[in-house]
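Welcome, and thanks for taking a look at this one with us. Please have the structure open as you read.

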Amino acid sequence: MTPYDDPTPLAPDPALLAAGPETVPAAEALPPDWRDEDPASGDERPRRRGASVGEFFTGSILSREEFTRRLPVLVFVVMLMLLYIANGFRMQQKHARIEKLGDELQVLKTTAVTTTAVRMTRTRQSEIVGLLRQYNIPLILDEQPPLILETPASLER
């Protein structure tokens, strides 16, 4: 059983309750906060207050020394962020263009295959003869195959 499982509530210390409120240590008697002392010199330094929401909205935070000292770094970081956003947008446009060109390439490949098939069909000898007869163009077909010319071996190189 862990202490968290114990159903009995924790009671305050009876010695503190019997002594009364005057025995409670005052704020001056408490040890100093470790953040208030500079460990190198041992002297106390004033607590630095962070930027409040009011300073942010009024713009007075822009005149603080901390901000003006870090301004070049902030400008550099903002420029890097803008470049990052612009580069992402540019790459998104390039990917869209690549997809569009890929689709167009697919259509052109299909058209090329279709055109090649039509050209092969129309340039067959039987198709040409049929077209010549359709337009009444006289053509005499040679029934003898072409002659193969023999060349002497001394001319071949």
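Here is a short briefing, grouped by topic.

This is a predicted model. The chain has 4 helices and 0 strands, and from the N terminus on its elements run α-α-α-α.

**Surface and burial**
- Of the 157 residues in the chain, 4% are buried, where buried means under 20% relative accessible area.
- About 15600 Å² of the chain is exposed, and carbon and sulfur atoms supply 63% of that area.

**Helix H3**
- Helix H3 covers residues 65-122.
- Its 58 residues should span 86 Å at 1.5 Å a residue, and the end C-alpha atoms of H3 are 85 Å apart, so the two values agree.
- At Leu 71, H3 bends by about 55°. A proline, Pro 72, follows within four residues of that bend.

**Leu 71 and the nonpolar patch**
- Leu 71, found in helix H3, also helps to make a nonpolar surface patch of about 510 Å².
- The other residues of this patch are Leu 74, Val 75, Val 78, Met 79 and Leu 82.
- Leu 71 has a relative accessible area of 37%, and it counts as partly exposed because that value lies between the 20% limit for buried and the 50% limit for exposed.

**Asn 136**
- You will find Asn 136 in the segment after helix H4 (125-134).
- Phi of Asn 136 is near 55°, a positive value in a residue other than glycine.
- For context, most residues other than glycine have a negative phi.
- Asn 136 is exposed, because its relative accessible area of 66% is over 50%.

Methods:
Residues are numbered from 1 along each chain as its sequence is written. This is a predicted model: local features need pLDDT of at least 70, side-chain atom pairs count only at pLDDT 80 or more; totals for chains, interfaces and linings use all residues. Side-chain values use heavy atoms; hydrogens and water are left out. Patches are made of residues with over 30% relative accessible area and no salt bridge: like charges are joined within 9 Å, nonpolar side chains (Val, Leu, Ile, Met, Phe, Trp, Tyr) within 5 Å. Accessible areas come from the Shrake-Rupley method with a 1.4 Å probe; for residues, only the protein chains shown count as cover. A salt bridge is a side-chain nitrogen of Lys or Arg within 4 Å of a carboxyl oxygen of Asp or Glu. Helices (H or I, at least four residues) and strands (E, at least two) are DSSP runs, numbered from the N terminus. Buried means under 20% relative accessible area, exposed over 50%, partly exposed in between (1.4 Å probe, protein chains only). The expected span of a helix is 1.5 Å times one less than its number of residues. The bend at a residue is the angle between axes fitted to the seven residues ending there and the seven starting there.
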